[in-house]
Amino acid sequence: MDNITIQPAEKKDWPYIREKLQKYILDADGATWQKFFVAKNCGRTVAFGRIIDHGGYFEIGSLGVDYYHRRKGLGIKLLKFLVEEAKRLDGRKEIYGVTHRPEFVRKAGFEEIASGPEALEHKKRHKCKDPSRISIMKFKGV
């Protein structure tokens, strides 16, 4: 993982991102390549994620890592990068995530909350196959 770089996505990354959004069943609402960041290993895109600006808060979403690059720390590195980028954009806004992997998101300083902003509650209830397995997480810091 020494050769990993994280950068804003380019138009040429979009076919990869779009394919993986569908394959991993991730939130693609409003997704365009301009809203994503990608992690590259020796120039090859191997992970992606985006920051969604909901006006009063940010959501870290649509984070995916290639199967062969999982369990090597890349996902958490990208998640922490996205949190720092969101803070850089507006450090006063709260940061949330909607996930089926709360144990993973917790490693980046998020905590599960009982209920979140209405748009995220709506996403959980109406966009997810099994809302009982989905957690809304809030960034508390690390």
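Here is a short chat about a predicted model, covering one helix, the nonpolar cores and the largest pocket.

Biologist: Which strands do the buried residues of H1 pack against?

Modeller: Start with who is buried in H1, which spans residues 14–23: Trp14, Tyr16, Ile17, Lys20 and Leu21. They cover an arc of only 160° around the axis, which puts them on the same side of the helix. An α-helix has 3.6 residues a turn, so residues three or four places apart point the same way. The strands those buried H1 residues pack against are E2 (36–41), E3 (44–53) and E4 (57–65).

Biologist: And which residues are exposed on the other side of H1?

Modeller: The cut-off for exposed is over 50% relative accessible area. Arginine 18 is in H1 too, but it doesn't make that cut because its relative accessible area is 44%, so it's partly exposed. The exposed residues on the other side of H1 are Gln22 and Lys23.

Biologist: Which residue just after H1 takes a positive phi?

Modeller: H1 covers residues 14–23, so we want a residue just past that stretch, with phi of about 55°. That's isoleucine 25.

Biologist: Which element gives the largest share of the largest nonpolar core?

Modeller: In soluble globular proteins, nonpolar side chains tend to be buried together. Here the largest such core has 24 residues, and Ile51, Ile60, Leu74, Leu79, Ile95 and Phe110 have the most contacts inside it. E1 (4–8), E2, E3, E4, H2 (74–89), H3 (102–106) and E7 (135–139) each supply at least two of its residues. The largest share, seven residues, comes from H2.

Biologist: How many residues are in the second, separate core?

Modeller: Phenylalanine 110, from the largest core, touches residues including Ile60, Leu79, Val83 and Ile95, leaving aside those up to four places away in sequence. The second core is separate, and its members include Trp14, Ile17, Tyr24 and Val38. Trp14 and Ile17 are also among the buried residues of H1. The size of that second core is ten residues.

Biologist: Now the largest pocket: which element gives the largest share of its lining?

Modeller: The pocket holds about 1300 Å³ of space. Of its 40 lining residues, Leu26, Leu63, Thr99, His100 and Arg101 are the closest to its centre. Elements giving two or more residues to the lining are E4, H2, E5 (94–99) and H3. The largest share, seven residues, comes from E4.

Biologist: How many charged residues are in that lining?

Modeller: Split the lining of the largest pocket by class and you get 17 nonpolar and nine polar residues. The charged ones number 14.

Notes. Residues are numbered from 1 along each chain as its sequence is written. This is a predicted model: local features need pLDDT of at least 70, side-chain atom pairs count only at pLDDT 80 or more; totals for chains, interfaces and linings use all residues. Side-chain values use heavy atoms; hydrogens and water are left out. Buried means under 20% relative accessible area, exposed over 50%, partly exposed in between (1.4 Å probe, protein chains only). Helices (H or I, at least four residues) and strands (E, at least two) are DSSP runs, numbered from the N terminus. The arc is that of the directions from the helix axis to the C-beta atoms. Contact means heavy atoms within 4.5 Å. A nonpolar core is a set of buried Ala, Val, Leu, Ile, Met, Phe, Trp, Tyr and Cys residues joined through side-chain atoms within 4.5 Å. On a 1 Å grid over the protein atoms alone, a cavity is a set of points where a 1.4 Å probe fits but cannot get out, and a pocket is an open set with protein on both sides within 12 Å along at least five of seven lines; lining residues have an atom within 4 Å of a point. Grid points are joined across faces, edges and corners, and a volume is the space filled by probe spheres set on the points. Ala, Val, Leu, Ile, Met, Phe, Trp, Tyr, Cys and Pro count as nonpolar, Asp, Glu, Lys and Arg as charged, and the others, Gly among them, as polar.
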